[in-house]
Amino acid sequence: MGLSGVYAIWLREIKVFIREKERVISSFVSPLLWLFIFGGGISGSIGGESGYQEFIFPGILTMSILFSSIFFGVYIIWDRKLDFLKEVLVAPVSRSTVFFGKLLGGMTDAMIHGIILLLLGYIFIVQFPLISFLPAILIMLLITWSMVSLGLVIGANMSTQEGFGLVQNFVIWPLFFFSGALFDVSSSNLPDFIKTISHLDPLTYGVDALRTVIIGEGAFPILLDISVLVVFGLVCSYIGIISFGRMQQIK
Amino acid sequence: MIYRTISDYMFAIEIENLTKKFGDFTAVDSISLKIKRGEIFGLLGPNGAGKTTTISMLSTLIRPTSGIARVAGYDVLKDPLKVRQNIGIVFQEPSVDDLLTGRENLELHAMLYGMDRKEMNERIDEMLNLVELSDRADDLVRKYSGGMRRRLEIARGLLHTPKILFLDEPTLGLDPASRRTIWHYIETITKEKKITTILTTHYLEEADSLCDRIAIIDKGRIVVEGTSNELKSKIGEDIIRLTGSISISNLRRLKCVKKINSEPGKNHVDLVVEDAAKNLQKVLSIAGKVDSVEVRRVSLDDVFLHYTGRYIHEENGEDSIMNRIATYRSNR
Ligand SMILES: Nc1ncnc2c1ncn2[C@@H]1O[C@H](COP(=O)(O)OP(=O)(O)OP(=O)(O)O)[C@@H](O)[C@H]1O
Ligand SMILES: [Mg+2]
């Protein structure tokens, strides 16, 4: 794996990211709506319980990362269709180099979103201890790593544009809804099937870890959260490298 | 000798029974070719003949269904990375990055090919100059015209001075003046640096003057291969074009008429004849009502028509690349 190749691909992704301003701006809109309208609205209507907005903040943060990560990955279908990738695929760099370049590009993209949202949350929603920024960012890195990898796996294996809608309905929303971003997965009021699926959703552990460091409440031990994220990230990266190796040009 | 090194392979490209199937459809059907080092080789064929698919297999972008292909001495299946180190390619379809500037596209390329900073900047300036994009180098490619994009892609394909260069319709969408400049440059640089070049083009007269050897490919098969002169002399020497109400059945009876080509909707016929000077009188005497006569030497167009049963229409090709660029823009 060549580092200069990884750097070249990463640099391209960052430049493209910065220049697609519409995409950058629009990707902030929905998390902010969720956070302030949905979170604020529910807290308001529940009345005394002002804690809901704080409770879902780590979840919304995760959602924002999830969306930008997976979409970044799936975006390579587009790249393949439009032949941007061809240039990279005929270059004398290995497919794992291409994978890691893309992975780092996507992680940077998602982390920029995440960090901005984290700051907004810190200013407007929950004043967690400053020292918590560091673990929060590390956990966000783990989440982006696994989710961008997942997106790249999907993007490398799918060949149609309709895939975008499928991914949204069958990957992103289920990952998000079952992750406990909006509810407490350890609550005894939860229907069993939701609980079971939630426990199988890797994102649950990301939300839980962020919740633990940001508002100090978690359903699972943080070590468990981190282990699940690391294992999931490794698995997705491994499959991603293999998928990139097999990837062929599509018309 | 036990080890094969870069310098001792004989042929830049060796293909044996190379085949590519997409499902049941055979796009490339068991082709075999040997291309010598330093040669400019033209792959000509109508739309859908399998030219791009062949180039994609040779450049390791798609995997052959069966057969063997060696590029610069390396097997495309066993040593794809080695193959890629030795080639440069200009794709048929637009492949420069819209949201980067021209220079940034070239920088990305240079980094991917492991060029160092100094070499990179020198080469980039040199290439930008060559394709006359120096003053637009720092504009986003999004703002380029179709022809400017093409020139940028050609600069990119040559940037790292590859040993073997694939050009898939490199001058499609360019105006005649830029086409001449580009071909002139391609010819000079490839001869000077001994770059083996494989090109496809719809502009047959350009292929004729540029290529050392030519293969005509149709429906995935190579129908004929050789130097331009060999190909031409295979089908005859002269063409007589008759306009008017021509009696084709009468002409068929003449021995000296080797082939009669007529295009539907046109009132002229082309006759491939052995020796026009000697036989013209004979032809005219039985041809029916002739309004005008034109005699010329056989061209590559005639060879193409002879082997594929079709005329090659340049407009189509040009049209399609422009459409492609247009769709590609609106898709982003
Ligand atoms: N990925 C693919 N899946 C299915 N069929 C394909 C694919 N790629 C090419 N084909 C088919 O293979 C045939 C050869 O295509 P190819 O692009 O190689 O033609 P070509 O000679 O380059 O034509 P053109 O002059 O139009 O560029 C065509 O019929 C095309 O439809
Ligand atoms: Mg083609």
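The following legends describe close-up views of a predicted model, covering two sheets of chain B and the interface of chain A with chain B.

**View 1. The open sheet of chain B formed by strands 2, 1, 4 and 5.** The four strands are arranged in the order 2-1-4-5, with antiparallel pairing. Strand 2 (25–36) and strand 5 (74–75) of chain B each have a single partner strand, so one side of each is left without a neighbour in the sheet. Strand 5 of chain B joins strand 4 (residues 66–71) of chain B in the antiparallel sense through two bridges. Within this pairing, Arg70(B) has Asp75(B) of strand 5 as its bridge partner.

**View 2. Helix 1 of chain B against strands of chain B.** Helix 1 (residues 51–58) of chain B lies across strand 1 (11–22), strand 2 and strand 4 of chain B. The helix runs at about 120° to strand 1 of chain B.

**View 3. The open sheet of chain B formed by strands 12, 13, 11 and 14.** Here the strand order is 12-13-11-14, and the pairing is antiparallel. The edges are occupied by strand 12 (257–262) and strand 14 (288–297) of chain B, each of which pairs on one side only. From one strand to the next, the twist averages 25°.

**View 4. Pairing of strands 11 and 14 of chain B.** Nine bridges connect strand 11 (residues 238–246) of chain B to strand 14 of chain B in the antiparallel sense. One position in this pairing is Ile240(B), whose bridge partner in strand 14 is Val295(B).

**View 5. The interface of chain A and chain B.** Contact involves 31 residues of chain A and 32 residues of chain B. The two chains bury about 3,000 Å² between them, and 61% of this area is on carbon and sulfur atoms.

**View 6. Polar and charged pairs between chain A and chain B, and the elements of chain A that take part in the interface.** Four salt bridges are counted between chain A and chain B. In one salt bridge, the side chain of Lys15(A) meets that of Glu104(B), with an N to O distance of 3.5 Å. Eight residue pairs are in polar contact across the interface. On the side of chain A that touches chain B, two or more residues each come from helix 1 (3–19), helix 4 (76–82), helix 5 (84–89) and helix 11 (222–246) of chain A. Helix 1 of chain A gives the most, with ten residues. By class, the residues on this side of chain A comprise 15 nonpolar, six polar and ten charged.

Terms used. Residues are numbered from 1 along each chain as its sequence is written. Chains are lettered from A and ligands numbered from 1 in the order in which they are written. This is a predicted model: local features need pLDDT of at least 70, side-chain atom pairs count only at pLDDT 80 or more; totals for chains, interfaces and linings use all residues. Side-chain values use heavy atoms; hydrogens and water are left out. Two strands pair if DSSP finds at least two bridges between them. Axes are lines fitted to C-alpha atoms, for helices over the stretch in contact, and angles run from 0 to 180 degrees between N-to-C directions. Contact means heavy atoms within 4.5 Å. Buried area is the accessible area (1.4 Å probe) that two parts lose on being put together, summed over both. A polar contact is a pair of N or O atoms within 3.5 Å; within protein, one must be able to donate a hydrogen and the other to accept it, and residues adjacent in sequence count only if both atoms are side-chain atoms. Ala, Val, Leu, Ile, Met, Phe, Trp, Tyr, Cys and Pro count as nonpolar, Asp, Glu, Lys and Arg as charged, and the others, Gly among them, as polar.
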